[in-house]
Amino acid sequence: MDYDTSNPVKTMAWILAVTFIPFIGMILYLVVGRNLKKKHYQLTNWRENFRKYGSPQYGFDKQESTLLMNETSPLEILLDKIGDLPLFPGNQVDFLTSGKEKMTRMFSDMEKATHHIHVLYYTIGDDETGMELQRMLLKKRKEGIAVRLVYDVVGSNQTHAKYFKTLMDGGVEVAAFSPANLSHFLQSINYRNHQKIVIIDGKIGYTGGMNIKDEYVKGLAWGVWTDLHIRVKGPAAQGFQSVFLRDWYYTTDEYLLNRKEFYPEIKSYEDNDIQVITTEPMDQYANIMRGMLSAIMNAKSYVYIETPYFVPTESMLTAIQTASMGGIDVRIVLPERSDNNKVQYAANSYVQQLLAAGVIVYRYKPGFIHSKVMVIDDKITITGSSNMDIRSFTLNFEMNVFIYNRQTALKAKEIILRDMNNSHRLDKIQWNKRSKMKKFREAFFRLFFTSFLNEIHS
């Protein structure tokens with residue numbers, strides 16, 4: 001048996017399974033554990049190729065950063081050490097706070113594409129929103145634009161195969177991301193590509209919390225869908241490109257990272273410095289989580305957080321509590337009602353610990369808040385596909401951006417403050433009066449979080 005020395009709990013689970021249910025345990029290990037090890041070796045080989053041959057953005061010189069960047073240099077240095085990509089200076093960043101705004105802006109950029117469009121989504125539906133994307137991609141392919149699309153087989157499991165076949169018949173290159181190549185049940189357990197990435201001509205990139213599905217545009221039957229996406233124009237789009245091409249290689253075995261046409265010369269637009277950070281199931285350092293921990297622990301004034309699913313690791317919970325207890329203004333906006341009751345119960349189990357440490361907790365009332373964003377000290381903005389939960393930090397393929405710019409941080413802060421105004425602040429005394437049955441249910445789902453969260457995690 002192969003041992004995962006970076007995760008002794010996982011190793012012990014396999015040992016117990018093989019010892020006490022030997023026949024079933026060994027079958028599961030051979031199907032799940034060994035296949036994932038094989039993928040681990042493949043990804044390791046890719047990383048060696050990536051670093052050895054590189055892609056054109058590695059020609060960028062490490063530039064002297066701004067005064068703001070110097071103030072946050074411990075975080076920059078950390079991410080530079082654990083990440084695969086350099087700091088990208090000179091970017092324009094726009095926040096998109098509704099599905100309609102995001103789709104309109106993205107389709108406008110796609111319409112202007114002259115070379116290629118690359119699309120990666122956890123969820124692509126075959127509803128009205130999905131069909132709009134399909135028509136756009138087919139139209140651009142007919143015009144001679146290269147179009148590649150990656151979708152996650154679990155996140156898009158309700159989408160009919162005909163949807164993707166129509167794209168392929170129209171000349172779009174389509175790849176289904178299924179790291180372990182297992183049955184639907186086993187796929188639903190772990191290891192999913194949860195990213196939402198679009199790259200247009202290697203110059204414009206999109207990422208954030210919004211998938212391609214009607215609820216992200218039209219909302220839910222019981223309330224609005226509040227979310228956040230960003231449009232990045234500038235050198236950092238080539239960081240997005242490398243992430244997409246990495247996953248394209250991982251899914252298709254086609255290595256395109258050394259193709260210069262995907263990394264055109266690109267000028268600086270504005271003064272947003274960006275680090276593009278990814279997390280994978282086989283990461284040694286849990287990169288995104290480690291970056292967030294560093295940002296929180298080095299905060300001087302405040303940390304504001306929005307997340308739809310709050311089931312943190314012990315280290316993340318401790319960092320948040322410690323910052324608050326040390327006098328930092330820590331606020332978290334969570335949904336009042338979730339699209340997944342099991343996750344909501346698990347998240348509720350942490351609230352008492354947050355309130356006891358002085359963290360200010362808000363519950364968003366108009367509908368479901370799906371934004372994934374953190375702002376620190378009017379200096380740093382962190383956003384992308386990662387939720388603040390164990391699954392995003394350790395089990396999924398995720399991508400976040402760490403943005404260093406005061407004006408961008410102030411805009412993100414304004415968005416969070418607006419959402420706070422549409423929320424109610426929890427009272428510690430009232431919260432502690434919840435019934436014993438509620439507390440038991442919450443503790444139960446917290447304990448079995450990684451099993452019960454599988455089916456829906458957007």
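**Exercises on three loop residues**

The structure is a predicted model.

**Exercise 1.** Determine in which loop Asp 253 lies, and whether Asp 253 is buried or exposed.

Solution. Step one is the location: Asp 253 lies in the loop between α10 (237-252) and β9. Step two is the accessibility: the relative accessible area of Asp 253 is 59%. Exposed means over 50%, so Asp 253 is classed as exposed. Step three is the backbone: Asp 253 is not a glycine, yet its phi is positive, at about 65 degrees.

**Exercise 2.** Carry out the analysis for Asp 377: state its loop and decide whether it is buried or exposed.

Solution. Begin with the flanking strands: Asp 377 is found in the loop between β15 (373-376) and β16 (380-384). Next, take its relative accessible area, which is 12%. Buried means under 20%; therefore Asp 377 is buried. Finally, consider the backbone: phi of Asp 377 is near 55 degrees, a positive value in a residue other than glycine.

**Exercise 3.** Describe the surroundings of Tyr 285: which loop holds it, and which residues does it touch, not counting residues up to four places away in sequence?

Solution. First, place the residue: Tyr 285 is in the loop between β9 (272-279) and α11 (287-297). Second, list the contacts: with residues up to four places away in sequence not counted, Tyr 285 touches Ile 82 and Arg 290. Third, classify the accessibility: Tyr 285 has a relative accessible area of 34%, so it is partly exposed. Fourth, consider a distant pair in sequence: Tyr 285 and Thr 394 are 109 residues apart along the chain, and their C-alpha atoms are separated by 9.2 Å.

Notes. Residues are numbered from 1 along each chain as its sequence is written. This is a predicted model: local features need pLDDT of at least 70, side-chain atom pairs count only at pLDDT 80 or more; totals for chains, interfaces and linings use all residues. Side-chain values use heavy atoms; hydrogens and water are left out. Helices (H or I, at least four residues) and strands (E, at least two) are DSSP runs, numbered from the N terminus. Buried means under 20% relative accessible area, exposed over 50%, partly exposed in between (1.4 Å probe, protein chains only). Contact means heavy atoms within 4.5 Å.
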